[in-house]
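Please look through the sequence and the structure below before reading on. The briefing that follows turns to charged side chains and to the confidence of the model.

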Amino acid sequence: MLHRLVGCVPLFARTRRPILPTPTAASTLSRRRALLLLLSSSAARSPGLSSASAMAAPPVARKVPRELVEHGDRRVDNYYWLRDDSRSDPDVLAHLRAENDYTAAVMSDVKQLEDQIYAEIRGRIKEDDIDAPLRKGQYYYYERTLTGKEYVQHCRRLVPTSGPITVHDVMPTGPDAPEEHIILDENVKAEGHDYYSIGAFKVSPNNKLVAYAEDTKGDEIYTVYVIDAESGEYVGQPLKGITSDIEWAGDDHLVYITMDSILRPDKAWLHKLGADQSSDTCLYHEEDDTFSLGLQASESKQYLFVESGSKNTSFIFYLDTSKQAKDLSVLTSRVYGIDTTASHRGNHFFIKRRSDEFYNSELVACPLDNVAETTMLLPHRESVKIQDFQLFDNHIAVYERENGLPKVTVYRLPAIGEPIVQLQGGRTIDFIDPTYAVDPEESQFHSSILRYHYSSMRTPPSVFHYDMDSGVSVLKKIDTVLGGFDASNYVTERKWAAAADGTQIPMSILYRKDLVKLDGSDPMLLYGYGSYEICIDPSFRGSRFSLVDRGFIYVIAHIRGGGEMGRKWYEDGKLLKKKNTFTDFIACAEHLIENKYCSKEKLCINGRSAGGLLMGALLNMRPDLFRAAVAGVPFVDVLTTMLDPTIPLTTAEWEEWGDPRKEEYYYYMKSYSPVDNVTAQEYPNILVTAGLNDGPMAHPRYPLLDTFYDEKHRAHLIRDLIM
């Protein structure tokens with residue numbers, strides 16, 4: 001039988017478009033309850049519901065049959081009535097309230113443990129803190145958090161010296177230091193709002209103005225305000241109904257992106273400060289609904305790049321911010337299957353280019369005045385994927401992946417004006433953990449200092465400054481983890497599982513060495529995602545230790561469909577190869593059981609969004625293998641969703657999942673779509689969490705479950721919660 005904690009009938013919630021596996025969609029309360037489910041499911045007691053839940057009757061949604069026919073195939077959806085475009089249907093809302101009431105009843109006898117876990121998670125966070133200051137021109141910029149406050153303050157201080165930036169550069173503090181200036185206090189701005197988020201905070205090139213994008217509803221449709229950085233006074237009128245993609249085009253213009261009726265970023269606009277938004281110039285309109293627009297500034301800040309991209313194709317326009325006439329010019333053309341990103345240094349554009357032929361990408365450069373003339377800087381390599389690059393006056397830092405691990409290699413560039421040649425003699429930065437995560441941080445173009453972010457499952461988030469001339473790396477900030485955390489208590493490992501076709505699947509493992517026995521008796525949480533070429537690198541999450549410090553082993557399965565092992569890894573887990581994602585996860589679970597990391601009686605699994613689809617597929621395929629599953633905002637009504645182009649972003653998703661209007665894709669997707677494969681069988685304990693209004697990915701076809709929890713709890717712990 002199904003031991004259900006929460007979920008729309010039938011087994012799975014009607015849910016939204018899959019998104020990146022970020023934690024912004026679920027409330028803190030939901031995550032605490034996820035931890036509780038895992039702890040209770042791993043306890044040495046018989047499976048089933050608690051005494052309180054045994055007394056509570058689970059809500060049962062009424063059945064209203066709706067016939068769906070495609071390619072001559074007939075499906076009956078008894079719960080299509082749960083679509084509510086207005087999010088105000090009293091019957092839908094009543095059912096969601098009943099689900100939440102049932103969850104509260106089921107969890108009522110562990111309220112004390114719930115409060116304890118919440119206190120632990122919050123107790124690990126140093127609330128009164130600042131991040132690593134970033135030097136920009138004559139100022140240090142940084143964010144400050146305050147005890148008892150939900151949001152950050154955006155601050156800056158004057159740099160007391162005009163000397164060059166070095167790895168030993170430290171922002172002075174104390175009574176003799178330049179005074180701290182609070183540019184923007186989000187706590188003040190959030191007053192009177194149930195939800196508040198700033199999606200972008202951009203300082204003008206002359207450091208006099210700030211443009212910030214504000215969302216007070218949680219729908220990720222932003223209003224942009226420009227303020228004087230010193231006085232905080234508003235400059236001009238706000239820009240409404242835009243994305244968080246904004247960039248300065250000089251000191252008196254902004255470029256921004258807006259969305260169409262299905263929330264697809266489709267137009268790029270130029271705004272002159274002081275002008276009314278209605279008079280703004282549309283720079284480009286992308287009419288193909290499988291493409292969406294993005295916006296990026298070069299490190300030099302001289303050029304902006306407007307990119308139009310689908311899942312496997314992108315092309316780029318550029319805008320020279322130094323020119324009076326701010327028009328777009330074509331940098332790379334639209335060619336199906338060619339994907340490009342770009343930046344600028346001196347008299348060259350630098351372009352990362354991917355295709356079916358050079359699937360792990362190559363890096364080229366072209367003169368500003370002849371973009372068709374390219375010079376190879378780094379050729380395509382079968383075993384190394386070029387992930388990103390960062391430009392400086394005299395250097396380039398290339399972020400790559402090899403054997404599933406990230407790496408950073410720094411090369412010295414010829415002086416500006418000299419010929420560009422193939423990169424050679426790079427220096428690779430060394431890292432200490434067997435598995436880890438490395439990401440670029442904003443650095444200063446006119447310096448030799450690379451700033452990067454590093455963490456592992458046992459190493460808290462850290463910011464390093466790396467001298468690209470000397471090779472010296474200096475730790476500038478490591479997040480303080482309170483509550484007696486000691487990294488030496490924990491072990492991180494990297495293991496491999498053999499998939500059914502022989503492919504080796506990497507796994508990242510974390511456990512506390514004085515608590516686990518590694519004899520098959522330890523409880524485990526196994527996490528997976530496996531979509532969109534997203535790399536789920538083993539970064540630090542403080543909330544995991546509420547499990548690990550109770551004897552859990554935490555594992556990330558780096559399954560196909562992600563990007564950890566290169567582009568082919570992604571392509572082998574999408575479209576008509578999507579089932580590799582599911583069978584890879586099963587192979588990892590079976591390997592961990594066979595090697596005594598856990599047993600199926602104590603194996604819990606977790607996935608969010610597209611990872612929630614993974615959970616749904618696994619529960620249908622191998623319900624015997626798992627004790628409990630936590631599915632966050634799961635994408636489980638795959639077939640019906642992908643047949644409805646009116647749902648936001650559906651058309652863009654056809655290149656990821658397939659277009660079920662084509663018969664081959666229809667039947668393949670139907671074979672794994674979770675709601676289309678629920679059968680009468682024993683299912684493990686399941687917790688489903690979600691939210692009614694959850695960003696532009698949400699749609700009323702899929703009302704979600706966490707609507708009525710207090711959303712004020714979301715922002716505070718967001719970076720430190722379980723994926």
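## Charged side chains in a predicted model

Lys385 and Glu533 are both buried, a word used here for a relative accessible area under 20% (1.4 Å probe, protein chains only). This is a predicted model, in which local features need pLDDT of at least 70 and side-chain atom pairs count only at pLDDT 80 or more, while totals for chains, interfaces and linings use all residues. Residues are numbered from 1 along each chain as its sequence is written, and side-chain values use heavy atoms, with hydrogens and water left out.

**Salt bridges**
- Lys385 and Glu533 form a salt bridge, N to O 2.8 Å, where the term means a side-chain nitrogen of Lys or Arg within 4 Å of a carboxyl oxygen of Asp or Glu.
- Glu533 also forms a salt bridge with Arg567, with the closest N and O atoms 2.6 Å apart, and Arg567 is buried, as is Glu533.
- A network of salt bridges links Lys385, Glu533, Arg567, Lys568 and Glu571.
- The whole structure holds 40 salt bridges.

**A buried lysine**
- Lys578 is buried but has no salt bridge, and Glu656, the nearest side chain of opposite charge (Lys and Arg count as positive, Asp and Glu as negative; His and the chain ends are not counted), is 5.0 Å away.

**Confidence**
- The protein chain has a mean pLDDT of 89, and 88% of its residues reach 70 or more; pLDDT is the predictor's confidence in each residue, from 0 to 100.

Terms used: Buried < 20%, exposed > 50% of the residue type's maximum accessible area, 1.4 Å probe, protein only.
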